Amino acid sequence: MVRRSSTFNRSRIDHLRNDIELVYGDLGDSSVLNQLMRSIRPDEVYNLGAQSHVRVSFDMPEYTADVVAVGTLRLLDAIRETDLRCRFYQASSSEMFGKVAEVPQTEETPFHPRSPYGVSKVFGHWITRNYREAYGVYAVNGILFNHESPRRGENFVTRKITLGLGAILRGERESIELGNLDAKRDWGYARDYMEGAWRMMQQERPDDYVLATGETHSVQEFLEEAFGYVGLDWRTHVTTGERLLRPAEVDLLVGDYSKARSELGWEPKVTFRELVRMMVDADR
Ligand code: F7E
C-alpha cells in the first residue's frame, strides 16, 4: 500500500516492480483500509507504516499519533470487520523503552517512551495485544531495535553519515552537521530483521519478540568506524548543532533477543562493522 505523492518516491522498491502490485491507501483513511481488506483478502498484513522520524514527531505530534497509533487501530479493526483469520504484524519499536528501566531490554521491560513517536508506538503495541486477547486475531508485535541498510531513509543518523561521507570523498562537500554524538543504539541489518518478522508470522501461536544484536554503539563510534574505513578522521569533517538535538533523548538502547533465538531460531548475521562498511560502500 502506498500513499499518493506528486513526486515518485519508490526508488527503493523499483527492483521489485514486476513482482508486486501496489495499491493506493493511507493509514489515516479507514474506509480504504476496509475496502482493501475486503477486495484483497490477504493472508498476512505487515504494518510498517508510520511517521517514523523521532525528531520530526516533536514537530508534528498530532499527525504522528494519528498515523502511528490510531492508524494501527484502523488496520486491526479492518481485519476484525472482514476476516479474523488474517495474520497481523505490528512494527513495535525499541523507542518504547525510551528512558530505559533496565539493561538490556527484553519483552518484559517496562516502557517509558520519550517522544510523541514512542508514545504512539506504545499505543500500537497494546492495541495489537488487545485485539489478540479480545478477538483472537493472530497478531504479533516485533519489538525491533534500530535496523539499517543502504536503503535507510536519508535523515536517519546512520545514512546521513554514510551519504555525507560519500559526498566528502567525491569532493562535493566538506562536512556533516549532526546532533547528539553520545547517544547509544543497538544497530542491526534490516534484511536480518525482516526475516525475523516473517518468522514471527509463521508460528503456531502469536506472541511478541525483541529483535536486536545485543551490542550497543554510540553515534561517535559509528563515525569512527565509517571514517576509519576510508582512512579519514571524522573530527575534521563533523560539526554539531543545537537544532538537531531532541527535546527529550533516548540515551542508551541495547536489546536481549534470547526469546527470538530460542523460539524462532533467529539470530542476526551481519555485525556492526560489516553494516557500517556495507553502507559506506553503497554511498561512496
Ligand atoms: O537517531 C542521534 C539521535 O534518527 C539515532 C527510527 O527508525 O529507530 C529509529 O529511531 C540517534 C539519536 O534513529 C543526528 O539523537 C545525532 O539518539 O537514526 P535516528 P532513532 O531516533 O533511534 C527506532 C527503532 C525507530 O523505531 C524509529 O522509527 O542518533 N543523532 N545526530 C541524530 N539523529 C538524526 N536523525 N540526525 C542527526 O543529525
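Between which domains does the ligand lie? The legends below take up this question and then turn to the chain itself.

**View 1. The ligand between two domains of a predicted model.** The structure shown is predicted. Domain 1 (11–147 + 187–211) gives residues to the shell around the ligand, and so does domain 2 (153–184 + 216–283). The ligand therefore lies between domain 1 and domain 2.

**View 2. The shell around the ligand.** The ligand is surrounded by 24 residues. Closest are Ser-52, Ser-93, Tyr-117, Arg-246 and Glu-249. By class, the shell holds 9 nonpolar, 8 polar and 7 charged residues. Helix H5 (157–169) supplies at least two of the shell residues. Strand E5 (176–178) also supplies at least two.

**View 3. Polar atoms facing the ligand: Ser-93, Arg-152 and Gly-179.** An N or O atom in the side chain of Ser-93 is 2.7 Å from an oxygen atom of the ligand. Arg-152 also uses its side chain: a polar atom there lies 2.9 Å from a ligand oxygen atom. Gly-179 uses its backbone instead, with an N or O atom 2.8 Å from a nitrogen atom of the ligand. On its own, the ligand has 700 Å² of accessible area, and the protein covers 95% of it.

**View 4. The two domains and their contact.** The domain assignment gives two segments to domain 1, 11–147 and 187–211. Domain 2 is likewise given as 153–184 and 216–283. The C-alpha centres of the two domains lie 24 Å apart. Domain 1 brings 34 residues to the contact, and domain 2 brings 34 residues.

**View 5. The cis peptide bond at Pro-104.** The bond from Val-103 to Pro-104 is cis. Its omega is near -5 degrees. Pro-104 sits in the loop between strand E2 (87–93) and helix H4 (116–135). Most peptide bonds are trans.

**View 6. Positive phi at Arg-41.** Arg-41 is not a glycine, yet its phi is positive, at about 50 degrees. Arg-41 belongs to the loop between H1 and strand E1 (44–47). Most residues other than glycine have a negative phi.

**View 7. Confidence along the chain.** The chain has a mean pLDDT of 97. In this chain, 100% of residues reach 70 or more. Among the elements, helix H1 (residues 30–40) has the lowest mean pLDDT, 97. Strand E8 (residues 208–211) has the highest, 99.

Conventions:
Residues numbered from 1 in each chain as written. Predicted model: local features only at pLDDT ≥ 70, side-chain atom pairs only at ≥ 80, totals over all residues. Heavy atoms only, no water. Near = heavy atom within 4 Å. Polar contact = N/O pair within 3.5 Å; in protein donor to acceptor, adjacent residues only side chain to side chain. Areas by Shrake-Rupley, 256 points an atom, 1.4 Å probe, with all protein chains shown as cover. Helix = DSSP H or I, 4+ residues; strand = E, 2+ residues; numbered from the N terminus. Nonpolar A, V, L, I, M, F, W, Y, C, P; charged D, E, K, R; others polar. Domains from an automatic or database assignment. pLDDT = per-residue confidence, 0-100. Contact = heavy atoms within 4.5 Å.
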